[in-house]
Amino acid sequence: SMTAQGYEVIEAGTGREGLDALATRGADLVILDLGLPDMDGQQVLTQLADAVEESTRAIDEFRLDEGSGALYHFVWDELCDWFLEMSKPIFAEGSDPQKAETRATLAHAIETTLRALHPYIPFITEELWHKFPHRGEFLATAAWPRAREDRLDARVERDMELLQELV
């Protein structure tokens with residue numbers, strides 16, 4: 001056993017309680033049940049809202065480098081690195097409602113990202129947009145994405161940042 005070898009082992013629990021326990025206690029090894037199949041997509045939607053808000057601000061200030069950078073980092077650092085990876089166990093072992101919710105969240109994130117990226121790379125986003133279910137004839141005439149205030153959750157962001165630091 002790890003304890004017998006002089007290591008401190010903490011069984012931190014599950015979900016929110018486990019993250020709180022981990023944040024307040026140090027150990028050499030932590031056993032933490034993250035409950036990833038219960039992931040609801042809130043984190044990626046919060047990050048998406050932040051990226052769209054930053055991109056909108058940057059466009060208004062003619063800082064296209066900052067706006068495109070915010071969306072670039074969302075796509076690679078949040079959507080691809082985290083949400084897609086955390087979705088794999090759900091698609092492999094989750095219930096049908098979990099799979100449907102995750103699939104809908106992913107489709108929404110991609111569609112919204114394409115709308116937000118359109119001012120930067122219009123020909124590419126227009127072509128990709130037509131490969132997904134969408135409303136309207138052209139992406140160029142689609143509404144600009146807006147963050148809904150009820151989707152912004154600071155607790156979810158903090159929990160995800162803690163998880164990312166652990167990994």
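Here is a short exchange about why certain labels apply in this predicted model.

User: What kind of model is this, and which residues count?

Analyst: The model is predicted: local features need pLDDT of at least 70, side-chain atom pairs count only at pLDDT 80 or more, and totals for chains, interfaces and linings use all residues. Residues are numbered from 1 along each chain as its sequence is written, and side-chain values use heavy atoms, with hydrogens and water left out.

User: Why is the pairing of R57 with E66 called a salt bridge?

Analyst: A salt bridge needs a side-chain nitrogen of Lys or Arg within 4 Å of a carboxyl oxygen of Asp or Glu. In R57 and E66, the closest N and O atoms are 2.8 Å apart. So the pair meets the definition. R63 and E66 also form a salt bridge, at 3.6 Å from N to O. For K131 and E127, the N to O value is 3.8 Å.

User: Which residues are linked in a network of salt bridges?

Analyst: The network joins E54, R57, E61, R63, D65 and E66. A search of the whole structure finds eight salt bridges.

User: What makes R57 partly exposed, and K131 exposed?

Analyst: Relative accessible area decides: buried is under 20%, exposed is over 50%, and partly exposed is in between (1.4 Å probe, protein chains only). R57 has 28%, so R57 is partly exposed. E66, at 30%, is partly exposed. R63, at 34%, is partly exposed. K131 has 62%, so K131 is exposed.

User: How do you know that α3 bends, and where?

Analyst: Helices are DSSP runs (H or I, at least four residues), numbered from the N terminus. The bend at a residue is the angle between axes fitted to the seven residues ending there and the seven starting there. At L79 in α3, that angle is about 40°.

User: What puts the buried residues of α5 on the same side?

Analyst: The buried residues of α5 (residues 122-129) are T125, E126 and W129. They cover an arc of only 100° around the axis, so they lie on the same side of α5. That arc is taken from the directions from the helix axis to the C-beta atoms. What covers these buried residues includes α4 (96-117).

User: Which residues does L48 touch, not counting residues up to four places away in sequence?

Analyst: Contact means heavy atoms within 4.5 Å. With those neighbours left out, L48 touches F74, H108, A109, T112 and T113.

Definitions and conventions:
Helices (H or I, at least four residues) and strands (E, at least two) are DSSP runs, numbered from the N terminus.
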